[in-house]
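Welcome! Here is a friendly walk through one protein model, written for someone meeting it for the first time. Please keep the structure open beside the text as you read.

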Amino acid sequence: MGFLQNEYFHDPIRHLKALTQILSQDKNPIGFFISAGCPLSIKCGEIENKIPLIPDMKGLQEYVQQNLTSNDDSNPSVYDRFIEVLKKINPINEGDSPNLEKILSFIRSLISVSKGNLINNFKEEELITLEKEICKHIVEKIKVNLPTKNTPYHKLANWISSIDREQPIEIFTTNYDLLMEQALEDTNIPYFDGFVGSREAFFDLRSLEDNLIPRHWTRLWKMHGSINWFKKENGKIFRSDKYDNSESSYLIYPSHLKYDQSRKMPFLALSDQLNCFLKKTSSALIVCGYSFNDEHINDTITNALISNPSALVITLLYGNIEYYPKSIEIANRRHNLIIWAENEAIIGTHRGKWRKANDINYEFEEFIEEENEKIYFKMGDFITFSNYLRSLIGRSSEEI
């Protein structure tokens, strides 16, 4: 059934107070989904030339391309040849390049069937080397540290540590940087990411599936791998601060082709954790920096919300809601998927613009901007959201 665009309005303060109430519950499952847009909020460099601490996907793609493309058109590199083959199979606009996930997924699919044979005029050794080179350059760009101890990541960590909970906080992320780990460790918050050990920590499926972890430990589920996860030639998967290029490869940007190989593969097990979390009674997941371009994750969220009407997903979108058509499509069907964008919201499947209920002074007004009688809700900015979390626990006498 259709409805007029202006038929519904949503009061941002009212819904922010409702979120505050949800986050104050110590017995209900609360989780955060931190995705690619979050690191972009942290800037570095000179004041007049601030750039994101970690580039966006386009920036990463350009960096990899600069390092692996040949300058001699008559002598193309393995990367150049590979991109030409990929473009023929998956046509894209002229001048564009396939994104890194498609590149790595295609490389891995070819490696899995090459087995010493020549495939698409590539030797297996060429493909394996190319995969390692791409991952190496990705890591060069994202292996960075948070510049201070007062970043949005630290504010999230500080909120986590502010109250003892019967249910542990769970953090899901598609990012493979180590920014969340740094913030948790800087704030002295114990966490479990599925691995145990110190020299070459191994993936412990039993602890994960049987929930054999202390409840005061935060759960950190890295759904697309991590720059400190590796896979040896013998198939062993481990986490380490050291990397031996001769026998190990980075385990980042997993292809969905790998999800069905074994439950012992971290990616399937960690994907299951998101599904299990959303099927808990009265679970609430706050989503930040996610553009809804991963169909696998979209399906996981949607199916879990269908099977568990008591679950709630609140998605904080940066900028105009029209930038996220897939989120609109899902929120229009699922009453328990809420969308907060800067200009509009979809709440209980009802889409409408933001409007204050009346003219009295409100709490939380610092998270709203008014311009030409229009209201813009800024919670989709990870900095603003982290400031909101900081406001819930008050300001201590010293910086975090």
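## The enclosed cavity

The lining of the largest cavity is made up of four nonpolar, two polar and three charged residues. By name, these residues are I34, Y153, I171, T173, N175, D177, M180, E181 and K222. Two elements, β5 and α7, give two or more residues each to this lining.

The cavity itself has a volume of about 60 Å³. It is the one cavity of 30 Å³ or more that the structure holds. Keep in mind that everything described here comes from a predicted model.

## Helix α7 and its surroundings

Helix α7 covers residues 179–186 and is largely enclosed by the rest of the structure, because six of its eight residues are buried. Those buried residues are L179, M180, E181, Q182, A183 and L184. Two of these names may look familiar: M180 and E181 also line the largest cavity.

What lies over the buried residues of α7? The cover includes helix α6 (152–160) along with the strands β5 (170–173), β6 (191–192), β9 (218–222) and β10 (225–232).

## Two asparagines with positive phi

Just after α7 comes N188, with a positive phi of about 60°. N188 takes this angle although it is not a glycine. Its place is in the loop between α7 and β6. Is N188 buried or exposed? With a relative accessible area of 68%, N188 is exposed.

N372 is another residue to look at here: its phi is positive, about 50°, although N372 is not a glycine. You will find N372 in the loop that runs between β18 (368–371) and β19 (374–377). N372 counts as exposed, at 69% relative accessibility.

## The largest pocket

Now turn from the cavity to the largest pocket, which holds about 1300 Å³ of space. How many residues line this pocket? There are 44 of them, and S35, A36, G37, M57 and S291 lie nearest its centre. Sorted by kind, the lining has 21 nonpolar, 14 polar and nine charged residues.

Several helices take part in this lining: α2 (57–68), α4 (100–114), α10 (295–307) and α12 (382–393) each supply at least two residues. Which of the elements gives the most? That is α4, with four residues.

## Aromatic rings

The model contains 22 aromatic pairs. One of them joins Y290 and F292, whose ring centres are 4.8 Å apart with 45° between the planes, a tilted arrangement. Y290 is buried, with a relative accessible area of 6%, and F292 is buried too, at 2% relative accessibility.

Elsewhere, ring pairs link six residues' side chains into a cluster made of F32, W159, F364, F367, F385 and Y388. 

## The chain as a whole

Stepping back, the chain has 400 residues, and 50% of them are buried. Its secondary structure comes to twelve helices and 19 strands. Among the contacts in the chain with a separation of 6 or more, 69% are between residues 24 or more positions apart.

K353 and P12 give an example of two residues far apart along the sequence: 341 residues separate them there, while their C-alpha atoms are 9.6 Å apart in space. K353 lies in strand β17, which covers residues 350–354. K353 is partly exposed, with a relative accessible area of 32%.

## How confident the prediction is

The average pLDDT of the chain is 87, and 89% of the residues score at least 70. Over residues 258–263, however, the pLDDT is below 50; this stretch has 14 contacts in the model beyond near neighbours in sequence. Residues 395–400 also have a pLDDT below 50, and that stretch has nine contacts beyond near neighbours in sequence. Where pLDDT is low, the predicted coordinates should not be read in detail.

Notes: Residues numbered from 1 in each chain as written. Predicted model: local features only at pLDDT ≥ 70, side-chain atom pairs only at ≥ 80, totals over all residues. Heavy atoms only, no water. pLDDT = per-residue confidence, 0-100. Contact = heavy atoms within 4.5 Å. 1 Å grid on protein atoms, 1.4 Å probe; cavity = no way out; pocket = protein on both sides within 12 Å on 5 of 7 lines; lining within 4 Å. Points joined across faces, edges and corners; volume = space filled by probe spheres on them. Nonpolar A, V, L, I, M, F, W, Y, C, P; charged D, E, K, R; others polar. Buried < 20%, exposed > 50% of the residue type's maximum accessible area, 1.4 Å probe, protein only. Phe/Tyr/Trp six-rings, centres within 6.5 Å; stacked < 30°, edge-to-face > 60°.
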